[in-house]
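Here is a short note for someone opening this entry for the first time. Please read the points with the display in view.

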Amino acid sequence: MATTVQASTVIRVKPHHYIHVLDNNTNVTRVEVGPQTFTRQDHERVLNPTPLPMILIPPRQYCIIDNPIIRDKEGKLVVDKYNQPKLRHGDQEIRFSQDPFPLYPGEVVIAHPVPLQVIQTNSALRLKCLRDFVEVKADKTTVSHIAGDEWLFEGPGTYYPRVEVTIVEPVRAVIIKENQALKLRARLSFVDRRDVVRQVGEEWLVRESGAYLPGVNEEIVGFIQALVLTDRIAYQLLATRSFTDIFGKVRKAGEEWIITQKDCDTYIPDVNEKVIRDIKAITLTNRQYCIVENPIDPKTGKNKLGHKELLQGDRTFFLLPGESLVKGIQNVNVLSEDEALLLSAKEEFVEKKGTTTIVHKPGDLWMIYGPCDYIPPIQVDVVERRKRIPLDVNEGIYVRDIKTGKVRSVHGSSYMLLPNEERWAKPLAPIVEELLKKSASRDQNEEHNESDRDSTKVITYRVPHNAAVQIFDYRKKEARVVFGPELVMLEPDEEFTVLSLSGKIPKRPNHIRSLALFLGPDFMTDLITVETADHARLSLKLSYNWHFKVEKDNPSKLFATSDFTGDLCKATGSLVRAAVAASTFDNFHKHSSDIIQQAVFGSTDGSSNDCLYFETNGLVITNIDVQSVEPVDQRTLDSLQKSVQLAIEITTKSQEATARQEAERLEQMARGELERQKIIDEAKNEESRSKLVQLQAQSAAVESTGQAVAEARARAEAAIIEAESEIKQARLSTKAVEIEALSEIENLKAKHIVELQHIKSLNNLELIKAKESATIETTKFENYVEALGSDTIKSIAQAPEETKAKLLAGLGLKSFMITDGKSPLNLFDTANGLIADAQRSEVDEE
């Protein structure tokens with residue numbers, strides 16, 4: 001309340017205004033309402049400085065009054081014993097549109113008039129009861145509300161507020177689209193709009209499209225989108241609890257089923273359903289089939305566990321829950337004429353082929369041969385697809401009979417395995433596998449074949465030229481030897497004999513592994529250490545030439561020893577050591593080759609043998625070459641080098657003395673021969689000189705006679721030559737004169753031609769000049785005639801001669817001719833004649 005201000009004693013209160021007047025005697029405040037003129041008494045005091053306007057509430061508005069006054073049932077004001085209006089302290093009152101009213105002392109306007117809240121369609125207000133009250137509705141029905149109750153005031157309508165109710169929140173309707181559902185959850189147990197009892201926490205769906213206003217006890221969980229079903233897509237569902245679906249089928253908890261386009265185009269899963277996965281349709285062409293495991297029984301709707309069903313042909317279907325495909329979609333087995341299928345029966349069944357009935361027991365094996373199409377029944381397993389194996393003459397495979405276990409080799413023609421046969425993999429030792437990859441040569445750097453060998457193919461080995469391979473048959477306990485060049489094909493029970501030979505220098509055992517034994521001739525080199533009788537240790541490098549002597553009746557003798565190189569080197573080494581041990585160093589140094597060959601080859605009847613033959617394997621050594629002899633001890637080596645150097649010096653000096661003596665002897669012989677040759681030459685010289693004197697005399701006589709003849713002949717020939725030269729000179733002079741005359745004539749001709757051309761050119765120029773001058777004169781005369789006119793010319797013609805001459809002179813005419821104009825004149829020919837005569841006269845003058 002405003003502070004009291006002492007004003008005038010007379011206060012004019014306008015209509016719809018009021019003042020509060022305090023009676024100081026009774027201490028009671030009353031309200032004075034206008035229009036009136038209020039006269040204040042001395043014991044009274046006006047609490048408002050000016051009259052206050054009454055509270056005016058327009059239509060469809062309201063205001064809230066705090067500490068409102070109390071009225072009785074008839075609407076009259078209730079006062080206490082002091083005539084003071086009673087107030088409901090701590091309470092509020094909502095007043096709607098009415099006549100303007102004043103505020104009694106103690107009343108306070110909390111909210112000035114505000115419009116009533118209009119609730120639109122698909123909207124509502126969520127209300128909550130603050131204290132118990134009974135609501136009287138428009139149809140005179142009463143509803144009791146208890147503090148804490150909540151309900152909705154749904155539109156369209158105008159909400160009139162009450163002090164017992166508070167607005168919790170506005171609620172708007174949710175729009176449910178096509179192929180969509182609204183998932184709700186119950187906050188409390190209640191009965192929904194469909195009169196369905198809902199328990200706390202229960203969830204359900206609202207599937208109707210349009211606006212949906214959720215109830216006060218309904219909580220929106222979310223939207224559920226519909227599953228679109230096509231002829232290619234279906235969905236597998238799982239029941240989380242027992243319920244009845246929208247198709248009226250009772251579903252048990254844990255039950256699974258699928259929804260296809262045959263059931264509906266779109267499907268909204270229920271709250272008791274869970275979408276496991278989407279299932280794509282399986283399409284089979286007329287060339288495909290599949291086997292379904294655990295198919296659904298159409299009568300019971302349950303899986304037939306352990307059963308299988310064969311589906312084939314043009315069809316599209318979905319796998320039901322629990323069903324699965326065995327090996328997926330399979331193509332029809334198309335067999336060509338060289339293909340077949342090996343089949344195995346998993347259980348007993350009867351096969352019909354035309355009129356024949358065949359009963360197959362479990363485990364039976366048989367084959368279907370092409371050309372044909374084949375779809376195996378569910379009782380049959382396709383073990384493998386077999387194809388006829390083409391084999392050349394040098395190719396083969398190992399085949400094992402699975403019933404008897406017998407293994408055989410097939411080669412030389414194409415072969416199709418029988419039902420009771422399979423390809424057998426022949427095992428080989430790793431060393432044999434490695435040797436088969438190498439080329440059959442003795443080159444240490446030979447190429448390797450790194451490709452993996454097919455163990456089911458017949459093992460082949462190309463035996464090189466002049467080599468032998470031993471093959472042992474463990475079943476027959478026999479061995480055979482194959483000589484190259486040849487291609488070896490192993491039978492199932494045969495194995496190669498692997499040779500382990502010594503190699504390198506000095507020989508090391510097991511250094512060379514080979515399948516082929518080369519027969520030679522060849523050589524091998526070894527390094528051995530020997531000791532002489534005087535204890536000089538020497539290192540000998542020996543090279544043996546060897547070959548094998550093959551016995552046709554017993555070729556296996558070649559492989560009697562597995563290491564013939566090691567045995568050869570050991571045997572010869574022991575013989576050489578024994579022979580060297582019985583000889584001194586000097587003797588061995590001088591006769592090493594003889595001693596070694598004698599020791600190895602031996603002698604028969606006092607003569608040395610030329611070879612060493614090993615009876616065990618037929619090995620023959622034909623020669624031994626001592627490549628080097630080196631002492632092992634360094635002091636012996638130094639002494640040997642000194643002795644060798646001394647021997648070389650002695651030999652060199654001896655050779656020099658012999659050469660010197662021989663040179664002196666040859667020189668003496670040459671001198672004697674020279675003296676003898678001189679005497680012979682002098683005798684021959686004297687004889688030649690006598691012959692020369694005779695010849696000189698003869699030549700002098702001939703010379704005197706020949707000189708006279710020669711002079712005569714020379715003079716005659718000189719005269720002839722002189723005459724011929726004069727004749728030739730005369731001819732040449734005549735020819736020169738003739739040439740000069742011809743040249744002068746040619747010059748004159750050329751000069752005359754040039755002159756004629758020049759004259760002709762001048763004539764042409766003069767002619768052109770005359771023609772142009774005549775044209776000019778004609779034009780000039782025509783112009784004069786045209787300028788004078790016919791009358792003037794006529795007057796001139798009629799004038800006297802002197803006058804004519806003057807007039808024509810005035811016209812610039814030197815000569816003229818007057819005609820009647822009817823007879824033509826050839827002035828051009830006249831001019832040409834004049835010009836030609838003038839030119840002739842000029843030529844004559846020249």
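1. The model is predicted. A good place to begin is a strand pair: strand 37 (residues 339-345) and strand 40 run antiparallel and are joined by five bridges. Within that pairing, Ala340 has Tyr369 of strand 40 as its bridge partner.

2. These two strands belong to an open sheet of three strands, in the order 40-37-42, with antiparallel pairing. Strand 40 (365-369) and strand 42 (380-387) are the edge strands, each pairing on one side only. From one strand to the next, the twist averages 30 degrees. As background, strands of a sheet pair through backbone hydrogen bonds, either parallel or antiparallel.

3. Helix 1 spans residues 430-437, and its buried residues are Val432, Leu435 and Leu436. Why do they lie on the same side of helix 1? They cover an arc of only 100 degrees around the axis, which puts them there together. The general background is that an α-helix has 3.6 residues a turn, so residues three or four places apart point the same way.

4. Which strands help to cover the buried residues of helix 1? The cover includes strand 46 (460-463), strand 50 (494-496) and strand 52 (508-514).

5. Helix 2 covers residues 564-581, which makes 18 residues. From its first C-alpha to its last, helix 2 reaches 26 Å, close to the 26 Å expected at 1.5 Å a residue. The buried residues in helix 2 include Phe564, Leu568, Cys569, Val576 and Val580. Gly566 and Gly573 are also among the buried residues of helix 2.

Methods: Residues numbered from 1 in each chain as written. Predicted model: local features only at pLDDT ≥ 70, side-chain atom pairs only at ≥ 80, totals over all residues. Heavy atoms only, no water. Buried < 20%, exposed > 50% of the residue type's maximum accessible area, 1.4 Å probe, protein only. Helix = DSSP H or I, 4+ residues; strand = E, 2+ residues; numbered from the N terminus. Arc of directions from axis to C-beta. Contact = heavy atoms within 4.5 Å. Expected span 1.5 Å × (residues − 1). Pairing = 2+ DSSP bridges. Axes fitted to C-alpha atoms, helices over the stretch in contact; angles between N-to-C directions.
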